[in-house]
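Got the structure open in your viewer? Here is a short tour, stop by stop, with something to select at each one.

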Amino acid sequence: MGTCREPEPSQIFVPGPIIVGAGPSGLAVAACLSNRGVPSVILERTDCLASLWQKRTYDRLKLHLPKHFCELPLMPFPKNFPKYPSKQQFISYVESYAARFNIKPVFNQTVEKAEFDDVSGLWNVKTQDVVYTSTWLVVATGENAEPVFPNIPGLKKFTGPVVHTSAYKSGSVFANRKVLVVGCGNSGMEVSLDLCRYNALPHMVVRNSVHVLPRDFFGLSTFGIAMTLLKWFPLKLVDNVLLLLANSTLGNTDHLGLRRPKTGPIELKNVTGKTPVLDVGAISLIRAGQIRVTQAVKEITRNGAKFLNGQEIEFDSIILATGYKSNVPDWLKDNNFFIKEGMPKTPFPNGWKGEKGLYTVGFTRRGLSGTAYDAVKIAEDITDQWMKFNGPLSIRNICSSHIIHLHFNKS
């Protein structure tokens with residue numbers, strides 16, 4: 001009897017770039033390319049656009065920055081949207097964006113491996129059932145592809161529910177409970193605020209120093225003020241102005257257990273990627289004692305936690321507001337463009353382009369404005385190469401794109 005062999009995955013040549021990820025970053029690149037007449041194929045591991053927003057965000061989430069700072073290239077937000085669009089409004093914007101540029105990702109395609117073939121000069125991108133081949137590969141999986149689960153001693157012993165914010169939807173599930181919130185970034189602050197709406201008592205763990213700024217100052221976006229001032233004044237001076245505004249509106253947060261870093265908020269963001277917290281009401285609840293600030297956790301027990309100051313408190317639930325990380329090292333092979341944390345070695349504004357036809361979008365640590373910048377640069381660069389090799393979009397390339405589309409819709 002012969003041995004059974006697994007069938008070889010089918011191979012598809014993509015005439016334009018392969019884009020991995022159908023979030024805002026991948027869609028922005030595809031739209032900019034389409035606007036220049038260059039086809040592309042987006043591979044998405046889930047069954048929807050912007051899966052982080054649709055599947056891994058809490059219900060009360062809104063954009064932290066005014067909408068005009070968060071627009072994707074070539075299409076503004078609707079005029080009737082508020083200054084800070086909600087989660088559902090942002091999702092509707094993304095879906096309208098894809099429809100406008102006729103972007104149709106190939107869903108349920110998890111990239112297992114992507115590597116460059118020096119012999120052919122092409123990228124081979126393998127999913128669970130297909131190998132896609134192209135001259136160009138655009139990594140658009142972003143900084144927030146996978147939730148980070150901290151290694152806290154004793155965490156597995158805890159008898160109550162432990163939830164990462166990627167699975168948190170609403171505080172209604174935690175009504176009237178004492179909850180340990182591990183993390184004090186924007187997610188930790190907003191989750192704690194949401195818990196208070198349901199009479200829960202959140203205890204927020206603050207391990208390190210953190211900048212907290214008001215989201216608005218006299219009706220003006222704090223971020224907008226900073227961006228305007230940076231056009232005229234040096235960064236350190238702008239940081240000092242922001243801290244003056246923060247102290248005048250929020251007071252001295254050191255007394256609340258929220259120590260400010262010695263480095264200013266914008267400088268710290270540029271150097272480390274650590275985003276300042278934009279306060280939408282949590283600070284007043286901390287002052288009122290509705291949100292308790294605690295020191296770092298030493299150990300999780302069966303019924304609660306022990307802290308570094310020796311205090312021990314019982315909790316009903318634990319929420320991990322510990323952020324996300326890149327998953328690029330898991331699937332992009334033999335590439336020296338990324339560091340082990342899955343971020344480009346080259347900092348903004350030049351981190352969008354690697355070698356051998358590799359590009360990255362959404363890794364600037366500058367939110368959607370950084371995504372828009374990268375997308376435009378990538379589209380310009382690939383279009384220049386496309387025109388050299390192909391000239392105007394030929395009948396052959398149109399047919400090739402049509403064949404790829406038919407391949408995934410023939411069932």
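**Stop 1: a loop threonine**

Start by selecting T253, which sits in the loop between α6 (235–250) and α7 (265–272). Bear in mind as you look around that this is a predicted model. Is T253 buried or exposed? Its relative accessibility is 0%, and buried means under 20%, so T253 counts as buried. Show its contacts next: leaving out residues up to four places away in sequence, T253 touches L258 and R260.

**Stop 2: a cavity**

Now select V210, H211, P265, L268, K274, T275 and P276 together; these residues line the largest cavity. How many cavities of 30 Å³ or more does the structure hold? The count is 1, and the volume of the largest cavity is about 30 Å³. Color the lining by residue type and you should get 4 nonpolar, 2 polar and 1 charged.

**Stop 3: strand β6**

Move on to residues 130–134, which make up strand β6. This strand is mostly covered, with 5 of its 5 residues buried. Turn on the side chains. In a regular strand, side chains alternate between the two faces of the sheet. Here V130, Y132 and S134 point one way from β6, while V131 and T133 point the other way, and all are buried.

Which strands pair with β6? Bring up β1 (residues 10–13): β1 and β6 pair in the parallel sense over 4 bridges. Then add β5 (residues 122–126), which runs antiparallel to β6 and is joined to it by 4 bridges. Click on V131 to see both pairings meet: V131 is the bridge partner of Q11, and V131 is also the bridge partner of K126. To get from β5 to β6, follow the hairpin, which joins them through 3 residues.

**Stop 4: a buried phenylalanine**

Select F158, in the loop between β8 (146–147) and β9 (162–164). With 7% relative accessibility, F158 counts as buried. What does F158 contact, leaving aside its neighbours within four places in sequence? The partners are I300, T301, R302, N303, G304, F315, D316, S317 and I318. For a sense of distance, draw a line from F158 to L72: they are 86 residues apart in sequence and 43 Å apart in space, C-alpha to C-alpha.

**Stop 5: the cysteines**

A disulfide is a covalent bond between the sulfur atoms of two cysteines. How many disulfides are there here? The count comes to 0. Select C48, which is in no disulfide: the nearest cysteine sulfur is that of C70, 20 Å away. C70 is in no disulfide either, and the nearest cysteine sulfur to C70 is that of C32, 16 Å away. C48 is buried, at a relative accessible area of 13%, and C70 is buried too, at 5%.

**Stop 6: backbone oddities**

Most residues other than glycine have a negative phi, and most peptide bonds are trans. Select F348 and P349 for a cis peptide bond, with omega about 15 degrees. P349 is in the loop between α9 (328–331) and β22 (358–360).

Next, try N199, in the loop between α4 (186–196) and β11 (201–205). Phi of N199 is positive, near 60 degrees, and N199 counts as exposed at 60% relative accessibility. Finish at R365, in the loop between β22 and α10 (367–390). Phi of R365 is also positive, near 60 degrees, and at 34% relative accessibility R365 counts as partly exposed.

Note on methods. Residues numbered from 1 in each chain as written. Predicted model: local features only at pLDDT ≥ 70, side-chain atom pairs only at ≥ 80, totals over all residues. Heavy atoms only, no water. 1 Å grid on protein atoms, 1.4 Å probe; cavity = no way out; pocket = protein on both sides within 12 Å on 5 of 7 lines; lining within 4 Å. Points joined across faces, edges and corners; volume = space filled by probe spheres on them. Nonpolar A, V, L, I, M, F, W, Y, C, P; charged D, E, K, R; others polar. Buried < 20%, exposed > 50% of the residue type's maximum accessible area, 1.4 Å probe, protein only. Helix = DSSP H or I, 4+ residues; strand = E, 2+ residues; numbered from the N terminus. Pairing = 2+ DSSP bridges. Contact = heavy atoms within 4.5 Å. Disulfide = S-S within 2.5 Å.
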